[in-house]
Amino acid sequence: MLDFPRDSKVVEIVLFYSILFFSFWAKVNCSICFSSGEIDLQILSKVQAQYPGVHIINEVVEPSAEQITKYKELVAKTSNLENIKFAWHKETSSEYQNRMMEKKELQRWDFIHMIQMLYYVKDIPATLKFFHSLLATNAKILIIIVSGASSWQKLWEKYGSRLPRNDLCQYVTSSDLTQMLDKLGIKYEYYDLLSTMDISDCFIDGNENGDLLWDFLTETCNFNTTAPPDLKAEIMKDLQKPEFSIKKEGKVLFNNSLSFIVVEA
Ligand SMILES: C[S@@+](CC[C@H](N)C(=O)[O-])C[C@H]1O[C@@H](n2cnc3c(N)ncnc32)[C@H](O)[C@@H]1O
C-alpha cells in the first residue's frame with residue numbers, strides 16, 4: 001500500500017487538535033481510529049499528559065494485518081500505557097459498520113480520526129454518515145486528506161483518465177469531502193496546511209527513489225517501465241511547472257497540501 005510522506009508539521013497539528021478534542025475526555029474516555037499506531041500513540045500521550053489517570057479506550061479498525069502488527073509492536077515497546085485499553089479489529093470501515101449495525105445499541109465515541117484513509121473507502125458519504133452517528137455529545141471526527149488546492153487535484157483531473165485505475169484507491173480531495181458533508185448537512189471546520197514533497201529524484205534517469213516516487217504519484221506499479229513514453233513526458237513537463245511544484249535550492253517541491261476537516265457532533 002502506498003503511504004503518504006510524513007511531515008513533522010502534520011504531526012504537530014494532529015497533536016494540537018488532539019488536545020482540543022480531548023478536553024472532555026475526563027468523562028467519557030473513548031477513541032476510534034484507522035492506523036498503524038504511530039500518530040495514535042502520540043495523540044494518546046498528549047491526552048494522558050493533560051488528564052493524568054483518565055481511563056482511555058482505543059479501538060483500531062484496520063484491514064491490514066501488517067499495520068495491526070506494527071501497532072501492537074509499538075504498544076509493546078511503549079511505556080506508560082497502563083490506563084489505555086486497546087482493541088484491534090482487522091476489518092474495513094464498512095465491515096465495522098455492518099458489524100455495529102447488528103448490535104442493539106451503538107457505542108458512542110468522543111474522538112474518531114480518519115487520517116489519510118478515506119481514499120480507500122468505496123462509499124464515502126455512507127461512511128461519513130455512519131461514523132458521524134457514532135459521535136457522543138461534543139465529540140469530533142478529525143479527517144486529514146489531500147487538499148483540493150494541492151497538485152494532487154490537478155494531477156488527477158488532468159491525467160486520471162489516462163492512468164490505469166485500481167479499485168483500491170479513489171481520487172478524492174478535501175473539495176469532494178466538503179461537498180459531501182454539505183450535502184449530508186453535517187457541520188465541520190476546515191483548515192489547510194501547506195506541505196510539499198521533494199520529487200527531484202523523478203527527473204534523474206535510473207534513480208531508484210525517483211522510480212518509487214513515479215509509482216506513488218501515478219498510483220501505478222513500475223510506471224517508469226510500463227507507461228507510454230508520451231504520457232510520461234507530458235506529466236514530467238507538467239510536474240516542473242509552477243502550477244504543480246515550486247523550485248527551491250535546486251529541488252523540485254510538489255504541492256502536497258493537506259486539509260484538516262474537523263467534523264462536529
Ligand atoms: C495511508 S495509510 C494511513 C495510516 C494512518 N491513518 C496514518 O496516518 O498513519 C491508510 C490506512 O488506511 C487503511 N485502510 C485501507 N482501506 C481501508 C478501509 N476500507 N477501511 C479502513 N481502513 C482502511 C490502510 O490499511 C492503511 O492503514
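Me: Where does Asn80 lie?
Reply: Asn80 sits in the loop between α3 and β3. Keep in mind that this is a predicted model.

Me: What is its phi, positive or negative?
Reply: Asn80 has a positive phi of about 65 degrees, although Asn80 is not a glycine.

Me: And is Asn80 buried, partly exposed or exposed?
Reply: Asn80 counts as partly exposed because its relative accessibility is 47%, and that class lies between the 20% and 50% cut-offs.

Me: Which other residue that isn't glycine has a positive phi?
Reply: Asn222 is one, with phi near 55 degrees. Asn222 is in the loop between α8 (208-218) and α9 (223-226). At 48% relative accessibility, Asn222 counts as partly exposed.

Me: Back to α3 and β3. Which strand does β3 pair with, and how do they run?
Reply: β3 (residues 84-89) is joined to β2 (residues 56-61) by six bridges, and the two strands run parallel. Val61 stands opposite His89 in β3. Going from β2 to β3, the chain passes through helix α3 (residues 65-76), and this β-α-β crossover is right-handed.

Me: Different topic: α7. Which residues of α7 are buried?
Reply: In α7 (residues 174-184), the buried ones are Ser174, Leu177, Thr178, Met180 and Leu181. They lie on the same side of α7, because they cover an arc of only 160 degrees around the axis.

Me: Why would residues a few places apart in a helix point the same way?
Reply: An α-helix has 3.6 residues a turn, so residues three or four places apart point the same way.

Me: What's on the other side of α7?
Reply: Gln179 and Lys183 are there, and they are exposed.

Me: What covers the buried residues of α7?
Reply: The cover includes helix α5 (124-133) and the strands β5 (135-146), β6 (188-193) and β10 (258-264).

Me: And what follows α7?
Reply: Gly185 does, and its phi is positive, near 70 degrees.

Me: How many disulfides are there?
Reply: The structure holds zero disulfides. As for cysteines, Cys169 counts as buried at 11% relative accessibility, and Cys202 counts as buried at 4%.

Me: Now the whole protein. How many helices and strands?
Reply: The protein has 10 helices and 10 strands.

Me: How much of the protein is buried?
Reply: Buried residues make up 51% of the 265 residues. The exposed area of the protein is about 13,500 Å², with carbon and sulfur atoms supplying 53% of it.

Me: What share of the contacts is between residues 24 or more positions apart?
Reply: Such residues account for 80% of the contacts with a separation of 6 or more.

Note on methods
Residues are numbered from 1 along each chain as its sequence is written. This is a predicted model: local features need pLDDT of at least 70, side-chain atom pairs count only at pLDDT 80 or more; totals for chains, interfaces and linings use all residues. Side-chain values use heavy atoms; hydrogens and water are left out. A disulfide is a pair of cysteine sulfur atoms within 2.5 Å. Buried means under 20% relative accessible area, exposed over 50%, partly exposed in between (1.4 Å probe, protein chains only). Two strands pair if DSSP finds at least two bridges between them. Helices (H or I, at least four residues) and strands (E, at least two) are DSSP runs, numbered from the N terminus. A crossover is right-handed if, with the strands pointing away from the viewer, the path from the first strand over the helix to the second runs clockwise. Contact means heavy atoms within 4.5 Å. Accessible areas come from the Shrake-Rupley method with a 1.4 Å probe; for residues, only the protein chains shown count as cover. The arc is that of the directions from the helix axis to the C-beta atoms.
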